[in-house]
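Visitor: I'd like to know how the labels on this model are earned. Could you walk me through them?

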Amino acid sequence: ADLLKQPEVERVLVFARTKHGADKVVKALEQDGLKANAIHGNKSQGQREKALADFKSGRAPILVATDIAARGIDVAGVSHVVQYDLPDTPESYVHRIGRTARAGASGEAVALCAPDEIEKLRAVEKLIRQQIPAEDMRTDKSRPIVAVKPAPRQQRGGGGAGHRGRGGAPGGHGAGQPQRPQGGNGHQAPRAAHAPKPAGGGEARRRAAEPRGEGRKDRSWREGDFRDSAPAFLTRGR
């Protein structure tokens, strides 16, 4: 209301995000002595035509509209565009401010940004590739506008500052050392617990599986003559 009471403000188009929000803004402006109308999907055709006629003639120089309802509005001489709510998409910001300064006329666009809409403002600045001049008009300035985000926690097993990896190379794996694959959560996958398979046939694998020092004892029966202790039917006729 303080902004719209300035003498240079002639015809203002105010954008709200929702239909209920548009009616709420109109009610608040009327309580401050400003004549305003709302136009949105819940209004009848007669109510929308009357609001648009009052806006063009100057009887109600403030028109509060939603994005969908404002598509059919083409009124010359709009001195100011005020975005009471920042849009969800940054492209809508450009379409909104295009309602003023048409056909070589001058105009001014103002956006009201709540602390929880800072990210939407940053998205607009990224789209238009320039920083929008801002002024902090909050009554309570004891808190910062943007909450400070905590620093991300350092992941284990990658090599941070001062960490020396295998092979003596600072900050990671040494030369020639293969890097283990990463797991789903960013950590290195644990090494496989299986021992490497020895080359060769089944006999070599069987020998590798036997405990050390017991293989010779188990094979001692092959080196001796077991015929004396063999069953009678095997030694018959010897």
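Visitor: How many cavities of 30 Å³ or more does the count come to?

Guide: One cavity of 30 Å³ or more. A quick caveat before we go on: this is a predicted model, where local features need pLDDT of at least 70 and side-chain atom pairs count only at pLDDT 80 or more, while totals for chains, interfaces and linings use all residues. Residues are numbered from 1 along each chain as its sequence is written, and side-chain values use heavy atoms, with hydrogens and water left out.

Visitor: What makes something a cavity, and what makes it a pocket?

Guide: On a 1 Å grid over the protein atoms alone, a cavity is a set of points where a 1.4 Å probe fits but cannot get out, whereas a pocket is an open set with protein on both sides within 12 Å along at least five of seven lines. Lining residues have an atom within 4 Å of a point. Points are joined across faces, edges and corners, and the volume is the space filled by probe spheres set on them.

Visitor: Which residues line the largest cavity?

Guide: Leu 13, Ile 73, Asp 74, Val 75, Val 78, Arg 99 and Arg 102. The space there is about 30 Å³. By class, the lining has four nonpolar, no polar and three charged residues; nonpolar covers Ala, Val, Leu, Ile, Met, Phe, Trp, Tyr, Cys and Pro, charged covers Asp, Glu, Lys and Arg, and the others, Gly among them, are polar.

Visitor: What is the volume of the largest pocket?

Guide: About 1300 Å³. Of its 40 lining residues, Ala 111, Leu 112, Cys 113, Glu 135 and Met 137 are the closest to the centre. The lining divides into 27 nonpolar, three polar and ten charged residues. Helix H1 (19–31), strand S4 (80–83), strand S5 (108–111) and helix H4 (118–128) each supply at least two of them. Helices (H or I, at least four residues) and strands (E, at least two) are DSSP runs, numbered from the N terminus.

Visitor: And which helix gives the largest share of the second largest pocket's lining?

Guide: Helix H3 (residues 90–97), with three residues. That pocket has a volume of about 160 Å³, and Arg 99 is among its lining residues, just as it is in the largest cavity.

Visitor: How do you know that S1 and S3 pair?

Guide: Two strands pair if DSSP finds at least two bridges between them. Strand S1 (residues 12–15) and strand S3 (residues 62–65) run parallel and are joined by four bridges, so they meet the rule. Within that pair, Val 14 stands opposite Val 64.

Visitor: Why are S2 and S5 said to stand at the edges?

Guide: The open sheet has five strands in the order S2-S3-S1-S4-S5, with parallel pairing. Strand S2 (36–39) and S5 each have a single partner strand, so one side of each lacks a neighbour in the sheet.

Visitor: Why is Ala 101 called partly exposed, and Arg 129 exposed?

Guide: Buried means under 20% relative accessible area, exposed over 50%, and partly exposed in between (1.4 Å probe, protein chains only). Ala 101 has 41%, so it counts as partly exposed. Arg 129, at 76%, is exposed.

Visitor: What is the sign of phi in Ala 101 and Arg 129?

Guide: Positive: about 60° in Ala 101 and near 60° in Arg 129. Most residues other than glycine have a negative phi. Ala 101 sits in the loop between H3 and S5, and Arg 129 in the loop between H4 and helix H5 (202–209).
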